[in-house]
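Trainee: Got a minute to go through this one with me? I'd like to start with a single residue and then zoom out.

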Amino acid sequence: MQMPDDARDAFPRMLQTLAGLMSQHTDDREIDGENLSQCDEELDALRSVQRQLERRVALVCRKRNTFAPVNALPLELLVTIFTIVTDSEPVQVWSDRETLMLVCHHWNQLLNNTPTLWTKIQKSAEISDAIITRALEMSKDAPLEIDYGGTVGRRAAQERQQAFLSIIFPHANRWRKAVLGIHGAVQALEPMTSLSAPLLESLSLWAIDPAWAGDKPLDIFGGRPPPRLRELSLNRIPVPWSPKTLCNLKALKITSIDQLAPSLDQLFAILPASPGLESLSIVDVTFSGGASASIPNPIHMPTLGKLSLEVISPAITNRILAAIHAPDCKFGSLRPTLPLDPFETLFIPEVSHLFDHFRSGASTSSFYCGGGEVTVSWEGSWNIVLDVENIRVAKRVLEWLSVSPEPDPPAVPLRLTITEVDSLLVEDIVAVMTGTEAVRQIEFGYHAPLAGLAAGGLVEGSDRMSFPGLRDLIIRKSLDDDEWETLLRVFRSRHGDVEVMGGDQRLNPLRSLELGEDWNVEDEGLVIAEFKSIHWPNRLEEIRRLLGHDGKLRWYRWIVAEDGTLEEQPGLWRYIY
């Protein structure tokens, strides 16, 4: 097909026009390139000015920050505040430091130049070895506190455990306090046999799982104990039980030692090597050789204030108590492994020097027996918690402890708490304890057999009144109508005259009554509404009147005034849902 003549003539003109347009576009691009170059130069100049302004702003802000009240504090005080912040949440120590460092240049410099803010090294899954290494570098030469709770017992985790230990062992010369819990093969601690820790004051070693698997004890520090070591705790990790290794301590705790455990002879040699020992705890230790040991001379421990012997045989408990003479021991706990009659094992002439002191010093705090176990513990004022079946043994021990060998001993106030869920057992507890003159306070949990508190009768087989010294009553459970009537009868009887043995005797009037939980209030509005619509004045007005001006009535966490108004109890911690 042949192109028409007019089309052939137009084609060259189109090419010429297109060429002209392309030439003009090239000229425009050259002009645009020049403009772009000028823009770049201008932007560079502006950015330079911007950087200068930013530096100037930073300088002015830094100067302004110096006038902030917090930055007017002495550096030592600010460091103390930072220490409190970083100590409050140990797991988040690193993030706390990072946050503080971002506040301002002054704080950043202070943290970076204060080694003591980096001395607490706590290893967890959230904290990498790189962070630990960084903290060790930032702490410079400051004494360290190491806290490591172990990892799960998988091979990869144990490799991470070994990596962490390899990081901290070279810094043992700076350890002040160390807690090391090891999973898996506890032979990971064997490098400690050659470590030197001249600053170490407190050491806690524990095998999480399994227990020690070696055939010899861990010879910590090669038999050369750190000169400043005063607190030592060993859990499932045996050491050489020698006075050369364990000496000059203030606190010694030995827990869950079965294999390579000490003998009684070794223990009796260790204790005199720490004449300043203040706390001794032996829990779940299978003593080598059992109770067979030579009879030692009395071990005088004048500074021992706390003693705990738990989950060891009654015979060994008796041997230890017979050997120790601790006139200032005011805190402690005895809990043998097997059911026992304490009058055959504990309260016998061989240990009378110890328990007579408890009685004469009125330092015995609590007696607890339950589930076949007997526990005697003491802590300042008396506090008996009974959730028991062998209540009559508890009663006998209580009477023994109440009789001081000293003439005219002072009365020792006793608080009695009964949390047993079996109502018949609670009634038995009240019946057995009813003649105890020392009881000043009773707290009922699930059941409240209030009839046993009323005056008007003698204790069966005795000339004593029921709970004659009772002053304070606490009832946590809700009361039904019959129990409310019984409570009113208790108050009326205890505030009136009682005929006893042909004469008159007035029991101590109750001085306080607490009803309901003092912290766990789910619906405050409902509790207050019940008080106003049901209990006041119908039930509680008379009780409030009998308590008198100096008495105290508390409804859950509110103090009930004499006119029935509810007042917040000052200083009472509240649980908020």
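Trainee: Where is threonine 317 placed?

Mentor: Threonine 317 sits in helix H8. Keep in mind that this is a predicted model.

Trainee: Okay. Is threonine 317 buried or exposed?

Mentor: Threonine 317 is buried, because its relative accessibility is 0% and the cut-off for buried is under 20%.

Trainee: And what is threonine 317 in contact with, leaving aside neighbours within four places in sequence?

Mentor: With that filter, threonine 317 touches Leu309, Ile312, Pro336 and Leu346.

Trainee: What about alanine 315, where does that one lie?

Mentor: Alanine 315 is in helix H8, which covers residues 314-323.

Trainee: How much relative accessible area does alanine 315 have?

Mentor: Alanine 315 has 42%, so it counts as partly exposed. Threonine 317, in helix H8 as well, is buried at 0%.

Trainee: How far is alanine 315 from glycine 290?

Mentor: In sequence, 25 residues separate alanine 315 and glycine 290. In space, their C-alpha atoms are 8.5 Å apart.

Trainee: Switching to the surface. Which residues make the nonpolar patch?

Mentor: Leu77, Ile81 and Val85 make a nonpolar surface patch of about 200 Å². Leucine 77 belongs to helix H2, residues 75-88.

Trainee: Why can leucine 77 be part of a patch?

Mentor: Patch residues need over 30% relative accessible area. Leucine 77 is partly exposed at 40%, so it clears that bar.

Trainee: And charge? Which residues gather in the negative patch?

Mentor: Asp550, Glu562, Asp563 and Glu567 come together in a surface patch of negative charge.

Trainee: Take glutamate 562. Where does it lie?

Mentor: Glutamate 562 is in a loop, between strand S22 (558-560) and strand S23 (566-568). Its relative accessible area is 47%, so glutamate 562 is partly exposed.

Trainee: Now zoom out. How many helices and strands does the protein chain have?

Mentor: The protein chain has 15 helices and 23 strands. It has 577 residues, and 43% of them count as buried.

Trainee: What share of the contacts comes from residues 24 or more positions apart?

Mentor: Counting contacts in the protein chain with a separation of 6 or more, 68% are between residues 24 or more positions apart.

Trainee: Last one: how much surface does the protein chain expose?

Mentor: About 30700 Å², with carbon and sulfur atoms supplying 53% of that area.

Conventions: Residues numbered from 1 in each chain as written. Predicted model: local features only at pLDDT ≥ 70, side-chain atom pairs only at ≥ 80, totals over all residues. Heavy atoms only, no water. Helix = DSSP H or I, 4+ residues; strand = E, 2+ residues; numbered from the N terminus. Buried < 20%, exposed > 50% of the residue type's maximum accessible area, 1.4 Å probe, protein only. Contact = heavy atoms within 4.5 Å. Areas by Shrake-Rupley, 256 points an atom, 1.4 Å probe, with all protein chains shown as cover. Patch = residues over 30% accessible without salt bridge, like charges linked within 9 Å, V, L, I, M, F, W, Y side chains within 5 Å. Salt bridge = Lys/Arg side-chain N within 4 Å of Asp/Glu carboxyl O. Lys, Arg positive; Asp, Glu negative; His and termini not counted. Charge placed at Lys NZ, Arg CZ, Asp CG, Glu CD.
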